[in-house]
Amino acid sequence: MNASGAMMGMLLAAAVATAGAQDAAFAPYSETVPGSSVRFEMVPIPRGTLEAGDQKIPVRAFWVGKYEVTWDEYDAYRSDTTIPVAVGVRSPAGGGPPRDADAVTRPTPPYADEYFGFGRGRQPVISITHHAAMEYGRWLSEKTGKIYRLPTEAEWEYACRAGQAGPGALGEQAWTAENADDEPHPVGKKTPNAWGLFDTLGNVAEWTLDRDRAADGYTTRYPHPVRGGSYTEDAKAVTCASRRLSEEAWSRRDPQRPQSIWWHTDAIFVGFRLVRPVEEDVKMKGLRSRVTRESP
Amino acid sequence: MSDESKDAGTSRRDFLKVSGATLAAGALRVPAVHAAGSDEIRIGLVGCGGRGTGAVTDALKAAPGVRVVALGDAFADRIEQIQKRLLEFGDKAAVRKDRTFVGLDAFEKVIASEANYVILATPPGFRPQHLQAAVAAGKNVFTEKPVGVDGPGIRAVLAAHEEAKRKGLAVGAGTQRRHQRGYLEAVQRIRDGGIGEVTAARAYWNQGGLWKKDREAAWSDLEWQMRNWLYFTWLSGDHIVEQHVHNLDAVNWMMGAHPVKATGMGGRQSRTDPAYGHIYDHFAIDYEYENGVHMLSMCRQIDGCEKRVAEDLVGTKGRAETSGERWAISGPQAWRRREDEGEVSPYVQEHTDLIASIRAGKPSSELKDVAESTLTAIMGRMSAYTGRLVTWEEALGSAESLVPEKLAWGPMPVPPVARPGTPA
């Protein structure tokens, strides 16, 4: 970590100190994924400031997933038969009324093995699209009555840095190409960061909301940012500043056109976690992915 | 990181360098004896569904000098959809209205057009007839797998293969694993003795259920079956043929042979609604090769069960595990690699390789290999459906033709679900 990084760490620590006592109810909690016995844990992140380059970006308080979203959680969503599978452009059989365009949908059946031989359970979700991750958040929001969504890039990086100058011993905290044996690992097996978050660095890179995109702009399949590096990358590439953009190559072995809007074939290093804003930014209200089978 | 993976990294880079140079030379070569433009690839597509659209997209990306000249499908809405989806390619995929054909005979018209590279992407039941027609007309062919659903169909395909060879036609057959670097390198290592002598093999395609289309009131029986072709054996060959053929093909490729007999079982345990036609939802087959080596094959399409799509080979000096993303050999000659992020899509590569072979005047053909892998799957299905041991000769010589002689839009009964042990 260089000098400016260390400086930023001190600034963050100061910001955190003032935000810490804001609300007694702002505490860690766990919740059951609706329709299942699977629980997920949320950690409070105090408001503060992210310093990125010359910019100082204020970040509101939010809760964030203690772990990356696991297949146990995502599979509960996929098997919720109360919501429609997004089949695409065909009108409903029998000429019935068109589906509510705003209704939450769930993924189409995956081709082959969506776990890619790594298994499910507490393994992090991998190789699902940005659209799929956003739709999972919308489903969880509808079912729980709370707002769950992907983190903005600022929220993600702020949570990753956790008010610290540097990540400490990376090998203790992160699965990277150096120690992961070419596989993603069950969540929570490494040491958490200073705010108690596991696997923000390494394991799977995590989907975020693009800092350059308006909330109503999620109409294209690519590009969307993933943050934090992954188990496929060298340790030096695994930092809180790590950022990559999704691209068509992530679906290069999907032989169908249009390609799936739910499943990538070649993004087995990508997963996600969700946040819950304490008070949602008005600019984020109504946020949803508008990607369809016809989207570029 | 271990020494062995460092070694693999080095050889991978070298491999990429060599192949890259070779491919570029092949793809860009314009034989001096030809007038400029005479080696243009003109695609005629038969079957404009999701895979046909994907195959054309892949071919357009595979090499310069490729354009689409004719489109055919049984259904008009498919032609409309593909034309919308090919707009991004501009002039290269702008097909004249009088070169779009709809109906059960659309394939004849596509083949009769100025196309010199016919892509066959209908359900596999039609494949033998379409292959025969394309080869008879002297066209190069890219055919999707599998290449048939029954013994008579495979006999026709093998005859078409001989005719294509005589005529100097190139035939690619959508088994993308044969064009994926990880598989190519794994097979080379196995052939070079990387696991010693092969003593056993296993092949898996275990996954959940796939899509179906709800029946619409206006659809005839035939249209309903064709739009849900996965679930009718005359169209798909059942999922062991339609899908598991990939893994069977990979093992045959590694073994350099096809099995000579099969004893299998299977059933329809979970996906029992008539909307899913009459195919099975699981199979397990014990195959035996000429040299006595057995291959255990299993495939399943049932939600919520253990999944695996891969092949294993056991040898006297090690084991090999292969799948779409990871390839590994364990033992004294240990090696592994995973799909690199920079890889070319194998679905594009298979067209690049085929087009390069045409332009080099050395037309390649994969048809015999893929016909044999298709018959491997058919032999397994025949054994599971009947409960009897089925030999290669019986499968190849079978008189059982599943595809109706004459097709017309209208009523078409669904055969009963096969019951092993029941006299036919």
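**Note on the two-chain model: chain A, the A–B interface and backbone points**

1. Of the 296 residues in chain A, 58% count as buried (buried is under 20% relative accessible area, exposed over 50%, and partly exposed in between, with a 1.4 Å probe and protein chains only). This is a predicted model, in which local features need pLDDT of at least 70 and side-chain atom pairs count only at pLDDT 80 or more, while totals for chains, interfaces and linings use all residues. Residues are numbered from 1 along each chain as its sequence is written, chains are lettered from A and ligands numbered from 1 in the order in which they are written, and side-chain values use heavy atoms, with hydrogens and water left out.

2. Chain A has five helices and ten strands (helices are DSSP runs of H or I with at least four residues, strands are runs of E with at least two, and both are numbered from the N terminus). In chain A, 73% of the contacts with a separation of 6 or more are between residues 24 or more positions apart (contact means heavy atoms within 4.5 Å). The area that chain A exposes is about 12400 Å², and carbon and sulfur atoms supply 54% of it (accessible areas come from the Shrake-Rupley method with a 1.4 Å probe; for residues, only the protein chains shown count as cover).

3. The interface puts 40 residues of chain B in contact with 32 residues of chain A. About 3000 Å² is buried between the two chains, and carbon and sulfur atoms give 44% of that area (buried area is the accessible area, with a 1.4 Å probe, that two parts lose on being put together, summed over both). Between chain B and chain A there are 19 residue pairs in polar contact, both residues at pLDDT 80 or more (a polar contact is a pair of N or O atoms within 3.5 Å; within protein, one must be able to donate a hydrogen and the other to accept it, and residues adjacent in sequence count only if both atoms are side-chain atoms).

4. On the side of chain B that touches chain A, at least two residues each come from α2 (50-62), α3 (76-85), β7 (198-207), β11 (308-315), β14 and α12. The element that gives the most is α2(B), with seven residues. By class, this side of chain B divides into nine nonpolar, eleven polar and 20 charged residues (Ala, Val, Leu, Ile, Met, Phe, Trp, Tyr, Cys and Pro count as nonpolar, Asp, Glu, Lys and Arg as charged, and the others, Gly among them, as polar).

5. Nine salt bridges are counted between chain B and chain A, and 59 over all chains (a salt bridge is a side-chain nitrogen of Lys or Arg within 4 Å of a carboxyl oxygen of Asp or Glu). Side chains of opposite charge can pair when their charged atoms come close. In one inter-chain case, B:E339 pairs with A:R252, with 3.0 Å between the closest N and O atoms. This pair runs from the loop between β14 (335-338) and α12 (346-359) of chain B to the loop between β8 (243-245) and β9 (270-271) of chain A. B:E339 is buried, at 10% relative accessibility, and A:R252 is also buried, at 11%. Another salt bridge links the side chains of B:K61 and A:E248, at 3.6 Å from N to O.

6. Within chain B, the side chains of B:D312 and B:R308 form a salt bridge of 3.0 Å, N to O. B:D312 is buried at 6% relative accessible area, whereas B:R308 is partly exposed at 26%. In chain A, salt bridges that share partners join A:E153, A:E157, A:R161, A:D210, A:R213, A:R227 and A:R243 into one network. B:D98 and B:R99 also form a salt bridge, at 3.5 Å from N to O; B:D98 is partly exposed, with 42% relative accessible area.

7. Two cis peptide bonds deserve a look. One runs from A:Y222 to A:P223, with omega near -10°, and A:P223 sits in the loop between β6 (205-207) and β7 (225-227) of chain A. The other joins B:K145 and B:P146, with omega about -20°; B:P146 is in the loop between β5 (140-144) and α6 (151-167) of chain B.

8. Positive phi values should be checked too. A:N203, a residue other than glycine, has phi near 55°; A:N203 lies in the loop between α5 (170-173) and β6 of chain A and is buried at 0% relative accessibility. B:D238 is not a glycine either, and its phi is about 80°. B:D238 is in the loop between α9 (233-236) and α10 (239-242) of chain B, buried with a relative accessible area of 0%.
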